[in-house]
Each structure stands twice: as structure tokens, then as C-alpha cells.
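The following paragraphs lead the reader through one structure, from its ligands to its interior. Please keep the sequence and the model in view while reading.

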Amino acid sequence: MFVVGACLALGAWSTFAVAEEDCEAPSNILLQTAHQSRRDGEMMYHWPNGRGRFPYFAVSEHIGPFDLNNSLSWSWHHPEGRFHTLTWGVNIDHEMNVYLSAADGFRKFDMDGKLMWERIILPRTTMNTGAIYQGKFFASDTDGGVEAVDMKDGSRVWYTKLASAICEDNGFNMVHQGVLFAAADCSPPCNYDKTCNQLVKALNATTGKELWTYKPDTAVWNFLALFPDMETVVFQDMSGKVYKLTLNGDVIWKAGGLNGTWTDGGAALGPNGMVYAVNNNHPPEGLSPVGQMDPPTMPGQVTALDVVTGDIVWQVTTPRPPNNAPAVGKVQGWEGLSLVVPLCQQVIKGAQCDVHVYNAKTGALRWVFHGPTQKHLLQAGDAEGTQTRIDSGVRSWCLPNGWSAPTIAADGVVFVGNEDGLFFALRDSDGDGRAIGVDEVRAFDTKAAFSGSSSPALAPQMVAVASCDSLFVFKN
Ligand SMILES: *[C@@H]1O[C@H](CO)[C@@H](O)[C@H](O)[C@H]1NC(C)=O
Ligand SMILES: *[C@@H]1O[C@H](CO)[C@@H](O)[C@H](O)[C@H]1NC(C)=O
Ligand SMILES: *[C@@H]1O[C@H](CO)[C@@H](O)[C@H](O)[C@H]1NC(C)=O
């Protein structure tokens, strides 16, 4: 009975009802959740967290334009030139205002692109996509602090120093039930770089007070917290191990992962009671001219776990590194829930970037999009802007993942940005196992890569996405 209830709740929320078979536990919780979070404002905004909206992250009940190349409404880059800052991701509020997280600070635009305010925080810089919650915008900075500003005018509400530094990966600040999450403590050891964020911190979003600290077994990278219900949080570390904690910081379970490995990826949460994690199957091997990168064709892994028990339900090997967070939702041409997994090893000239879409319930491969191969040594827009960025006081390179995080619209179109600049709308509408041709693949050339914390953000008839240096808003 609860199972059907949850499906109805989901069906009403999304124009794509999910097949009953995909509605397994824990559904009574989801029902309560939807009600309560509408009440407390958590679901009031269209895209409150960088990765979307509780309880079904990375999907939207809205549709964006499929023909991206003919639907650009407006764009923004730094007035002195696109290389004067780096942009990380967007949030959208209930009035369709767009909040842009950038290395040099935060900006708010109205739905037509008019700048409402900007808060430049240099010489501090940021690296995350922020969050909006109950009238405030939140973001971490490289000085080890988290700042809350008023959504109305960008003025500071509180600032809390969490550590001497927070590493410059590209993760997310996420808020749930008044609790704000941030990765902190940029220090060794790290499977990839010299330093990584060792700690997960929870703060009171109203006051900025630190509530608790949790040290995962392995450091986190591109930290992304997701919320299965009203009381808990799940996230993965850089080795793909998943942790489920209460919002008070008590461990419920931890499972999966491959010790010693590193992925840029994060977890995904389905409305089917499953959490999906990604990992690479081997330690970084130092093949890239700019760092310790994985070979482009080395396999990784996707693991589906029962979010209640932490039991592994299925695992599949991916032919390339799964270096960003997947999305779970209903895609065009296919029944039930699908898992959209971007695959690519970045910063390797000639490396092929693909998107694989799996049956979320079984792990069976459904369709593939063969994306671009990396053209140059660095990704689109990166080498060209180096000196300007250094002179502007932001980091010299974007050096992002091969793909942005993907988002699934209500009509089952997948939006995702590729490191060589193309922002894609994808669908396998004829269900033949591949997205190919103008009926199924459209793109707009942003001329820059996409940070790992960049998720296409949807609002009614609108999709907004940040490339590494600009904001693009497309409308139907
Ligand atoms: C945050 O602080 C406020 C004010 O003290 C309090 O009312 C609220 O319950 C706190 N929230 C959390 C999640 O601790
Ligand atoms: C990972 O492997 C290292 C080296 O063998 C070991 O010291 C460490 O305890 C392992 N960590 C986990 C979480 O298993
Ligand atoms: C977008 O449209 C322009 C003008 O018609 C065309 O030259 C370009 O190739 C198109 N780009 C993509 C990515 O489809």
C-alpha cells in the first residue's frame, strides 16, 4: 500500500510516472517527506541544491528545450572577458532567479539575465556549487570557511571557519532539514593528489554553528551529500565507498568501494530505494602529462546498494572511468527507471567520452551515446585562459571531469555538458540502444569544459548550465 502511495506521489510530482515495479521501499518515508518539505520550504525552489531537489535529485518535473542550438535565451561571462573567473554551477529559486557560483564570488540574475547583485569574495575563492535554502545562499571557500549570504542582496549572514583549508576539487554544498553539508580539512593522505578533504562537516544552516564532524575511511573528492529521507544523509568517498549517516552524524552503514582508488564521481539516489556509487578499478597510474590520471580505457564500476541495508544489489563494470555522479530517472524510449552514467577520463588527448544508460533495477545496459574525443592536451577553454586567470586571482585551470553531472528532464531528455565544450540534449527515443542523429542528439557549443559540480538546472521551460567560464540559459 505504501509502495503504491510513493509511486503516486512521484507520478504527481513528475509528468513521467514511474512504473510500480520500480517503487520498492522506503515509500512511506517518501510520502511524508514530500509533504513536510513543501511545508518547510525545502521544495519551494526549482533547483535549490547544485544537484537538484530533494527527494529525487538530478531529475526535474520540468522540461527544457531539446533543440539547444536554437534556444539560447541569454548568457553571462565576466564583463572583462570569459577567462576572468571560473564558474562552477547554478541554483534557481521559486521566481526563476539564477544564482551562479564562481571562483571569484556569487552572482544573482533574474530570469532574463539582469544582474541583481554580485558578491566578490577575492582574495578568497570558491570551488563548489552552492545551495539556496530558506532565503540564504551558502558556499564553501578555499580558506576553509563556509559563508551564508542573504538571497535578496548578497549581504553576509554568517561565516564559519571549518578548517585551515578546503581543497579545490569541485563538489557541492547541500542543505536538508536545516543541516548544511561541507567537505573540509584539505590535507594528506589522498589517493590522487597530495591533499584531499578528509572530513565531512554538518552545520546549522540558520546560525552557521558546527553540528558535527565525520571522518570517512578514505577522503572525499567532489563531495556530494544526498538525502534519502527526512533523517539521513548518504555520500561516497573517492574510492566509491558509500556512507549512510543520520542527520545527527551517527553511522547507519558503510559499504562498497575499492580501497586505494580515486574517482571524480559521486553518488546518485533513486526513488526505488537504491543508492548508486561509482569507483575506478585501479589506482591512478600517472599517464597524463598534467597529473596522475587514469588510462582512458581502464574500467571502473557502478554499484547499486539498497539504501536501507547497504546491501549490494548489483554491480557492473564500465569500460571507461565513471568520473562523475550518475542520474536516476525515467528516460525517453525506455520503461521504468534508468541510470545515466557519464564515462570519460579527462585531460588525455584522444580519450573517448561516452554516456552509458543502464536499467536502474538490474544494471543491464540500455543505450550508449558515443560523445566527443578530447581534441587537445587540455580541455576546451582551459589552456587559452591560463594567464588571465592567474592575473585575476583565481585558479589557473578549470581542469574538470570529462562530463558535467547529467540531469534528466520530465520528458526523459538527458542534459549533460562535455569537456570539449558541447552542451548536449540526449534521448534514445526509438529505443534502439543508442542516441544518434538529429532526432536524438542536439548540442550547443559553449567553447569551454564543464566543472564536475556543474549540473544542468531545470525550471519551467528553462535549463541553465555553467560551463567552466560562462552561464548559459536556454528556454523553450
Ligand atoms: C539551528 O539553530 C536554530 C536556532 O538556535 C534552532 O532553532 C534550530 O533547531 C537549529 N537547527 C538544527 C538543524 O540544528
Ligand atoms: C586501505 O589500504 C591501506 C593500505 O593497505 C590500509 O592501510 C587501509 O587501512 C585500507 N583502508 C580501508 C578503508 O580499508
Ligand atoms: C549551431 O548552429 C550553428 C548555426 O546554424 C551551426 O553552425 C553550428 O554547427 C551548430 N552547432 C551545433 C553544436 O549544433
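Which polar backbone atom is 3.5 Å from an oxygen atom of ligand 3? In this predicted model, the backbone atom in question belongs to A443. Two further residues, N69 and L422, join A443 around ligand 3. N69 contributes through its side chain, a polar atom of which lies 2.2 Å from an oxygen atom of the ligand. On its own, ligand 3 has 360 Å² of accessible area, and the protein covers 30% of that area.

Ligand 1 may be considered next. Its surroundings consist of G178, V179, N204, T207 and L211. Here an asparagine side chain again supplies a polar atom: that of N204 is placed 2.3 Å from an oxygen atom of ligand 1. The accessible area of ligand 1 on its own is 360 Å², of which the protein covers 40%.

Attention now turns to the interior. The largest nonpolar core comprises 34 residues, and those that touch the most other members are M174, F181, F223, L226, F227, F235 and V275. Several strands each supply at least two residues of this core, including strand 11 (179–187), strand 12 (196–204), strand 14 (232–236) and strand 18 (274–280). The surroundings of F223 can be followed in detail: with residues up to four places away in sequence set aside, F223 touches D169, G171, F172, F181, A182, A183, V200 and F235. Another core lies apart from the largest one; it has 23 residues, among them I166, L203, A205 and C468.

A pair of strands offers a view of the local backbone. Strand 8 (residues 145–150) and strand 9 (residues 156–161) run antiparallel and are joined by 5 bridges. One of the residues taking part is E147, whose bridge partner in strand 9 is Y159. The two strands form a hairpin with 5 residues between them, and G154 in the turn has a positive phi of about 80 degrees.

The last stop is a charged residue in a helix. Is R389, which is found in helix 3 (residues 386–392), buried or exposed? Its relative accessible area is 1%, so R389 counts as buried, the cut-off being under 20%. Neighbours within four places in sequence aside, R389 is in contact with F83, L86, G381, D382, V394, R395, S396 and W397.

Technical notes
Residues numbered from 1 in each chain as written. Chains lettered and ligands numbered in written order. Predicted model: local features only at pLDDT ≥ 70, side-chain atom pairs only at ≥ 80, totals over all residues. Heavy atoms only, no water. Near = heavy atom within 4 Å. Polar contact = N/O pair within 3.5 Å; in protein donor to acceptor, adjacent residues only side chain to side chain. Areas by Shrake-Rupley, 256 points an atom, 1.4 Å probe, with all protein chains shown as cover. Core = buried A, V, L, I, M, F, W, Y, C linked by side-chain atoms within 4.5 Å. Buried < 20%, exposed > 50% of the residue type's maximum accessible area, 1.4 Å probe, protein only. Helix = DSSP H or I, 4+ residues; strand = E, 2+ residues; numbered from the N terminus. Contact = heavy atoms within 4.5 Å. Pairing = 2+ DSSP bridges.
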